[in-house]
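This report describes the predicted model shown below, with attention to its helices, its sheets and the surroundings of its ligands.

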Amino acid sequence: ETTTESAYGDSDFVVVANRLPVDRDPAEESQGWRTSPGGLVTAVAPVMKSQEGAWIGWTGVPDVDFDPFTIDGMHLVPVTLTSEDVLRYYEGFSNATLWPLYHDVIVPPEFHRTWWDSYVQVNERFAAKVAEVAAEGATVWVHDYQLQLVPQLVRRMRPDLAIGFFNHIPFPPFELFAQLPWRDEILRGLLGADLVGFQRPADAANFRRAVRGRLNFTTKGSTVAVPAGDVLSAHTVRAEAFPISIDTPYLEELARDPKIIERARQIREEVGNPKVVMLGVDRMDYTKGIRHRLKAFGELLSEGKLDIEDIVLIQIATPSRERLEQYKIIRHDVELAVGRINGEQAEVGSIAVHYLHHSYPRDEMTAFFLASDVMLVTALRDGMNLVAKEYVACRGSDDGALVLSEFTGAADQLTGAVMVNPHDIGNLKAGILDAVQMDEKTRARRMKQMRKKVSTDTVSIWSKKFLAELEAIHTNPEAIIPD
Ligand code: ADP
Ligand code: G6P
């Protein structure tokens with residue numbers, strides 16, 4: 001008897017995301033890898049480390065083919081993007097069309113047909129790689145807005161696979177989504193999955209409304225009935241919320257490390273040991289409300305409500321998507337605002353805003369969290385915002401206060417925060433003052449409640465819940481009881 005080689009790959013679990021968990025460090029001659037930026041990688045990497053499987057994604061380097069490799073126990077399968085793909089699919093359609101459209105059009109999204117064509121091509125390339133790598137009956141988990149066509153493309157080629165999709169960013173209200181010239185294609189792309197996950201119930205509801213409004217499919221509770229079409233057979237899809245979280249045990253452990261505690265003390269000393277250290281940690285992105293935060297802080301200082309002798313703000317902003325016009329503008333505006341505040345308020349030997357345009361290793365980030373009395377998360381719109389959860393996880397002694405925008409996914413869970421509307425500078429100022437002046441007992445009570453939330457709601461539980469539901473739907477779609 002002869003054995004024919006299977007046409008399928010050998011991975012039973014496949015994660016697909018635009019980025020691999022590591023990218024090339026441009027500063028290093030040694031061709032080293034470093035952690036990729038952003039919340040997706042922070043959240044999904046620990047899941048991958050605890051599970052056998054393959055992660056398909058881009059290395060961050062254009063025009064270079066890399067062979068699959070293993071790092072930190074993760075098996076990585078690179079997909080190549082050309083310089084033109086980077087321009088049209090990544091910077092263009094993903095980050096100048098979808099990103100602003102899905103974040104409440106904070107800046108105007110641009111629609112270009114050449115960008116769409118490139119988005120389709122690159123999604124096809126990712127889907128082909130999945131079809132090649134996945135074993136028969138494997139579970140495939142596709143992540144985020146860059147790859148919304150992949151579920152349908154994969155289902156077409158490999159109906160044997162269990163396909164999950166998770167959207168890390170918001171899904172916009174129908175009235176905004178409907179602007180997109182390729183709205184129906186995107187919806188059909190996502191509906192190739194068995195399970196489509198979103199950060200908040202509101203995002204899932206926006207998606208189901210778009211499906212009803214544009215495609216006329218029926219939905220019952222969170223179940224969408226997809227009728228037989230030209231390319232796919234009839235099936236059901238679940239679309240619901242799975243709020244993502246962080247690797248809490250890992251962060252709690254770092255926050256107890258004497259070396260990191262000592263580094264936190266040093267940081268306070270280096271900024272002049274003020275009574276209050278405030279902290280902002282973001283990718284340099286116009287969705288994060290950094291300008292609004294600086295405006296509020298500057299006004300509080302100039303009105304004498306906060307005293308430069310007592311308080312400093314440390315603003316860390318990771319470089320992000322730097323070739324895009326809107327990212328050049330936000331960086332320029334932030335740097336102008338920092339310069340203005342320091343120019344007007346600071347004195348020799350005391351700076352009001354310490355601005356750091358770098359990325360830091362996890363240990364150093366933890367030391368910054370430990371060193372700060374007040375954390376400012378003032379995003380104008382954010383799918384979740386992991387920084388808010390990370391700050392809370394690090395506050396083992398239940399001190400510190402969190403100022404949190406109500407426009408983040410995290411606001412649903414971190415109800416002990418001082419909630420603010422960052423569009424309302426008056427409200428933002430009041431929130432910052434509240435947090436700074438909050439008495440110790442109230443701080444402790446509120447932080448304890450939030451800490452309990454992030455210690456029971458970890459990213460490991462999140463992934464188990466998502467994958468268990470995906471498995472259940474895929475093995476027995478008929479058994480789904482609409483909620
Ligand atoms: P986003 O995914 O939009 O960037 P999140 O707040 O959800 O926003 O996730 C950001 C992640 O990146 C967090 O894990 C945060 O700790 C990390 N991070 C942000 N800024 C830096 C920085 N300057 N250096 C290192 N890590 C950073
Ligand atoms: C957010 C997105 C991710 C993205 C990350 C960093 O977290 O949800 O999909 O990877 O930002 O952005 P970048 O464009 O550098 O990948």
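## Helices, sheets and ligand shells

Just after helix H2, Asp-104 adopts a positive phi of about 55°. The model is a predicted one, and the account begins with this helix.

H2 covers residues 83-102, which makes 20 residues, yet its end C-alpha atoms are only 25 Å apart, short of the 28 Å that a straight helix would reach at 1.5 Å a residue. H2 also contains a kink of about 40°, centred on Gly-92. Of its 20 residues, 16 are buried, so H2 is largely enclosed by the rest of the structure.

Helix H9 (residues 258-270) has 13 residues, which at 1.5 Å a residue should span 18 Å; the end C-alpha atoms are 18 Å apart, in agreement with that value. H9 is followed by Gly-272, which has a positive phi near 95°.

The model contains an open sheet of ten strands with mixed pairing, in the order E5-E6-E4-E1-E7-E8-E9-E12-E11-E10. Strands E5 (69-71) and E10 (218-220) stand at the edges with a single partner strand each, so one side of each is left without a neighbour in the sheet. Neighbouring strands of this sheet are turned by 25° against each other on average, direction ignored. At one edge, E5 pairs with strand E6 (residues 74-78) in the antiparallel sense over three bridges. Here Phe-69 stands opposite Leu-76 in E6.

An open sheet of six strands has parallel pairing and the order E15-E14-E13-E16-E17-E18. Its edge strands, E15 (353-356) and E18 (418-420), each pair on one side only. In this sheet, neighbouring strands are turned by 20° against each other on average, direction ignored.

Strand E13 belongs to this six-strand sheet. Six of the eight residues of E13 are buried, so this strand is largely enclosed by the rest of the structure. The pairings of E13, together with that of E5 and E6, are set out below.

| Strand pair | Sense | Bridges | Residues that stand opposite |
|---|---|---|---|
| E5 and E6 | antiparallel | three bridges | Phe-69 and Leu-76 |
| E13 and E14 | parallel | eight bridges | Arg-283 and Thr-318 |
| E13 and E16 | parallel | two bridges | Met-278 and Val-374 |

E13 and E14 also take part in the surroundings of a ligand. Which residues are the closest around ligand 1? Ligand 1 is surrounded by 16 residues, and the closest are Gly-39, Thr-42, Thr-318, Ser-359 and Leu-386. Two or more residues of this shell are given by each of helix H1 (39-49), strand E13 (276-283), strand E14 (311-318) and helix H13 (386-394). The largest share, three residues, comes from H13. By class, the shell around ligand 1 has seven nonpolar, seven polar and two charged residues. Thr-318, one of the closest residues to ligand 1, is also the residue of E14 that stands opposite Arg-283.

The residues around ligand 2 are Arg-19, Pro-37, Gly-38, Gly-39, Leu-40, Asp-144, His-168, Ile-169, Ser-320 and Arg-321. They divide into three nonpolar, four polar and three charged residues. Gly-39 is listed in the shell of ligand 2 and is also among the closest residues around ligand 1.

Definitions and conventions: Residues are numbered from 1 along each chain as its sequence is written. Chains are lettered from A and ligands numbered from 1 in the order in which they are written. This is a predicted model: local features need pLDDT of at least 70, side-chain atom pairs count only at pLDDT 80 or more; totals for chains, interfaces and linings use all residues. Helices (H or I, at least four residues) and strands (E, at least two) are DSSP runs, numbered from the N terminus. The expected span of a helix is 1.5 Å times one less than its number of residues. The bend at a residue is the angle between axes fitted to the seven residues ending there and the seven starting there. A residue is buried if 20 or more other C-beta atoms lie within 10 Å of its own, exposed if 12 or fewer, and partly exposed in between; C-beta atoms are placed from the backbone. A residue is near a molecule or strand if its C-beta atom, placed from the backbone, lies within 6 Å of it. Ala, Val, Leu, Ile, Met, Phe, Trp, Tyr, Cys and Pro count as nonpolar, Asp, Glu, Lys and Arg as charged, and the others, Gly among them, as polar. Two strands pair if DSSP finds at least two bridges between them. Axes are lines fitted to C-alpha atoms, for helices over the stretch in contact, and angles run from 0 to 180 degrees between N-to-C directions.
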